[in-house]
Amino acid sequence: MISATGTFFDGITSARQEVFVELMPQALRISRGGNVIAEWPYTEIEQLSAPDDVLRVGRRGRGALARLEIRDTAFAAALDDIATTIDRTDTTESRRRSKVAAWSFAAVASLAFVALFALPQIAARLTPLLPQSIERKLGEVVEAQMRATLDTGRAGLPFECGTAETEKPGRAALDRLIGQLEAVASLPLPLQANVVRRAEANAVALPGGHIYVFEGIIGKAESADELAGVIAHEIGHVARRDGVKSVLQTAGLSFLFGMVLGDFVGGSAVIIAAKTVLQSSYSRETETAADAYGVALMNKIGGDADALGRILSRVAGTHGPASRILLDHPETPERVAAIHALAATTRGKPLLDSAEWAALKRICAGP
């Protein structure tokens, strides 16, 4: 067992904690005074910026900005070998960044005089090349900016529903619904779906696998299958990386210049990216493809794929901030007809039972 000492910051206070670290079979163990204070799976460890003589790491996807600093070169090298997410030489990431940056600048330079028309095509070509690590970090900062924009602190309640004791059964039902869809979606990134307190009948997918389901769309849904159809549509945007493509298309130059300078999610690019995802509409082809993807998911799990068409018909004409799922690209009757044509005629049992659906409808009821 390889061990060493290090300095730990819990992300809540500024206090430095001298700790004992060990490389366990599946995780990095952090102890203090003989008590284990954290265990980080190797697959969730990410390398943070630090001086050359320090290995600084954190745990990906956690709210608290906890970090660990290691100066023992032998231990750092051993951790580097075990955790595939750590690349101290930065060779792989630099190669990927250079490839994306070189291609983008060459394209922009050659097509600068028609940039307004060229950027959509450039974004479409760049999106598949963008490393998932960059998409994940972009998603985190866009999600934070989106939260700041949408969270009005309504009635002093948390922005996310499902945290109060009376709401937790609804959260459990939502997790079960999404779990059925995610199990057959084969996404490269895990989904992070939350219901938020917004009255608009809408849902929105952000880069990096984040999905916001607005309270308003749950209120409009008459069955679990209708809500599942909406979420499956948004999973289609996640799978196709449509949010990333939209950000590159609208904030592309700011994003790419920032990436070259090592701060690809900093400055005005973050604000532009968040507003792009929140306000911009998708093309007819993109919405049609997301509909088709969502119908395919519903067919795979034996759900009522026609339910997406029903909820679209019911709330057609609803407009407001971030009204993406309801945008008329293409026109609602055409979308509904296309959905009906793709929907399987045989269906399994309802995705949620009546008690689970009733709990999900109350997910934003408050304490």
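# Two sheets and the helices packed on them

Strands β1 and β2 run antiparallel and are joined by six bridges, and this pairing is a convenient place to enter the structure, which is a predicted model. Within this pair, glycine 6 has valine 19 of β2 standing opposite. On another pairing of β1, three bridges connect this strand to β7, again in the antiparallel sense, and here threonine 7 stands opposite glutamate 69 of β7. Five of the seven residues of β1 are buried, so this strand is largely enclosed by the rest of the structure.

From β1 the view can be widened to the sheet as a whole. It is an open sheet of seven strands, with antiparallel pairing, and its order is β4-β3-β2-β1-β7-β6-β5. The edge positions are taken by β4, residues 35-41, and β5, residues 45-48, each of which pairs on one side only. From one strand to the next, the twist averages 35°. In general, the strands of a sheet pair through backbone hydrogen bonds, either parallel or antiparallel. At the β5 edge, the partner is β6, residues 55-59, and these two strands are paired in the antiparallel sense over four bridges; in this pairing, glycine 58 of β6 is the bridge partner of glutamate 46.

Helix α1, residues 73-82, packs on this seven-stranded sheet, where it touches β1 (3-9), β2 (17-23), β3 (27-32), β5, β6 and β7 (67-70). The direction of α1 makes about 50° with that of β2.

Further along the chain there is another open sheet, this one of three strands, with the order β8-β10-β9 and mixed pairing. Because β8 and β9 stand at the edges and each has a single partner strand, one side of each is left without a neighbour in the sheet. Neighbouring strands of this sheet are turned against each other by 15° on average, with direction ignored. Strand β9 runs antiparallel to β10, residues 210-214, and three bridges join them; one residue to look for is alanine 203, which stands opposite valine 213 in β10. Helix α7 packs on this sheet and touches β9 and β10, its direction making about 20° with that of β9.

The loop between β8 (192-196) and β9 (203-205) holds asparagine 202, and glutamate 200 is found in the loop between these strands as well. How is it that glutamate 200 counts as buried? Its relative accessibility is 15%, and buried means under 20% relative accessible area. The side chain of glutamate 200 also makes a polar contact, at 2.9 Å, with the side chain of arginine 198. Asparagine 202 is buried with a relative accessible area of 0%, and its C-alpha atom is separated by 8.1 Å from that of glutamate 215, a residue 13 places away along the chain.

The helix that packs on the three-stranded sheet deserves a closer look. Helix α7 covers residues 224-240, and its 17 residues reach 24 Å from the first C-alpha to the last, close to the 24 Å expected at 1.5 Å a residue. Of these 17 residues, 15 are buried, so α7 is largely enclosed by the rest of the structure. After α7 comes arginine 241, whose phi is positive, near 60°.

Helix α5, residues 168-185, has 18 residues and reaches 25 Å from its first C-alpha to its last, close to the 26 Å expected at 1.5 Å a residue. Its buried residues include Gly170, Arg171, Leu177 and Leu181, and the buried residues of α5 pack against β8, α7, α10 (284-300) and α13 (354-361). Serine 186, which follows α5, has a positive phi, near 55°.

These helices lead to the question of which residues touch the most other members of the largest nonpolar core. In this core of 44 residues, they are Leu177, Leu181, Leu227, Ile231, Ile235 and Leu360, and α7 gives the most to the core, with eight residues. Leucine 227, leaving aside its neighbours within four places in sequence, is in contact with Leu177, Val213, Ile217, Ile218, Ala221, Trp357 and Leu360. A second, separate core has 22 residues, among them Phe8, Ile45, Ala76 and Ala83. In soluble globular proteins, nonpolar side chains tend to be buried together.

How values were computed
Residues numbered from 1 in each chain as written. Predicted model: local features only at pLDDT ≥ 70, side-chain atom pairs only at ≥ 80, totals over all residues. Heavy atoms only, no water. Expected span 1.5 Å × (residues − 1). Buried < 20%, exposed > 50% of the residue type's maximum accessible area, 1.4 Å probe, protein only. Pairing = 2+ DSSP bridges. Axes fitted to C-alpha atoms, helices over the stretch in contact; angles between N-to-C directions. Contact = heavy atoms within 4.5 Å. Polar contact = N/O pair within 3.5 Å; in protein donor to acceptor, adjacent residues only side chain to side chain. Core = buried A, V, L, I, M, F, W, Y, C linked by side-chain atoms within 4.5 Å.
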